[in-house]
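Grab a pencil and work through these exercises with the model open beside you. Each task comes with a solution that goes step by step.

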Amino acid sequence: MKISLIVIAAVLLLLVLAYRFYLSIQSDIWDEEKVAIATAKSQTSLQSVTQVDPFVGDVPMMVVQGTDSEGRNIFVWVSGDQTHTEYADNGITKESVRTQTLEQNPGAELMRIVPGVYNDEYAWQSFYRVKGEDGKKRLYYSFYRFTDGKLLDRWLLSLQ
């Protein structure tokens, strides 16, 4: 009985420590998201937020998605105190990027699609894995222009 209590106490302690570790890692990201949301709301017509995506490129940024006071879907790219706004209906959708990526790369396993910037153009970034003819998996990024969906570039990252 005494050993069972010690084991349970040890497991609980490990769970608490793991949770605290998770919080300590995530707190910086959550703080960056809060600052990006505040910046986007203060500098644009953004009223409510539905999603925040970090984007790491030449310039790291957060992309805040939500709606404005008229209920229109809006994207706000936030880097420091700089913002850029696009209405969702002025660009292609995430689903359109998904479809385009899969059509151009049959058998691709999509891992992430996020709004970002490529060569100073606002874009969607699609990250995916494709199995080659040799059976090896390769990782790719494709960048699609936000406004019209034109493929801007495709990067082969590595063999997996």
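**Exercise 1. Find how much area the chain exposes and what share carbon and sulfur atoms supply.**

Start with the total: about 10000 Å² is exposed, and carbon and sulfur atoms supply 56% of it. The areas come from the Shrake-Rupley method with a 1.4 Å probe, and for residues only the protein chains shown count as cover. Before going on, a word on ground rules: this is a predicted model, so local features need pLDDT of at least 70 and side-chain atom pairs pLDDT 80 or more, while totals for chains, interfaces and linings use all residues. Residues are numbered from 1 along each chain as its sequence is written, and side-chain values use heavy atoms, with hydrogens and water left out.

**Exercise 2. Work out the order of helices and strands, then set the radius of gyration against that of a compact globule.**

Step one: count two helices and eight strands; these are DSSP runs numbered from the N terminus (helices H or I, at least four residues; strands E, at least two). Step two: along the sequence they read α-β-β-β-β-α-β-β-β-β. Step three: the chain has a radius of gyration of 20 Å, where a compact globule of 160 residues would be near 15 Å. That radius is taken over C-alpha atoms, and the globule rule is 2.2 Å times the number of residues to the power 0.38. Step four: the C-alpha trace spans about 65 × 50 × 25 Å along its principal axes.

**Exercise 3. Which residues touch the most other members of the largest nonpolar core?**

First, the rule: a nonpolar core is a set of buried Ala, Val, Leu, Ile, Met, Phe, Trp, Tyr and Cys residues joined through side-chain atoms within 4.5 Å. Buried means under 20% relative accessible area, exposed over 50%, and partly exposed in between (1.4 Å probe, protein chains only). The largest core has 13 residues, and Phe 75, Trp 77, Ile 92, Val 97, Trp 124, Tyr 144 and Phe 146 touch the most other members. Strands β2 (61–68), β3 (73–79) and β5 each give two or more residues to this core. A second, separate core of 10 residues includes Ala 36, Ala 40, Ile 74 and Val 76.

Now zoom in on Val 97. Leaving out residues up to four places away in sequence, Val 97 touches Ile 92, Ile 113, Trp 124, Ser 126 and Tyr 144 (contact means heavy atoms within 4.5 Å).

**Exercise 4. What does the salt bridge between Arg 72 and Asp 89 tie together?**

Take the definition first: a side-chain nitrogen of Lys or Arg within 4 Å of a carboxyl oxygen of Asp or Glu. The count comes to six salt bridges. In this one, the closest N and O atoms of Arg 72 and Asp 89 are 3.3 Å apart. Arg 72 sits in the loop between β2 and β3, and Asp 89 in the loop between β4 (82–87) and α2 (94–104), so the pair ties together parts 17 residues apart in sequence. Arg 72 is partly exposed at 32%, while Asp 89 is exposed at 59%.

**Exercise 5. Is Arg 145 buried or exposed, and which residues are linked with it in a network?**

Begin with its partner: Glu 121 forms a salt bridge with Arg 145, closest N and O atoms 2.5 Å apart. Glu 121 lies in strand β6 and Arg 145 in strand β7 (residues 137–145), 24 residues apart. Arg 145 is buried at 19% relative accessible area, and Glu 121 is partly exposed at 27%. Finally, the network of salt bridges links Glu 121, Arg 145 and Asp 148.
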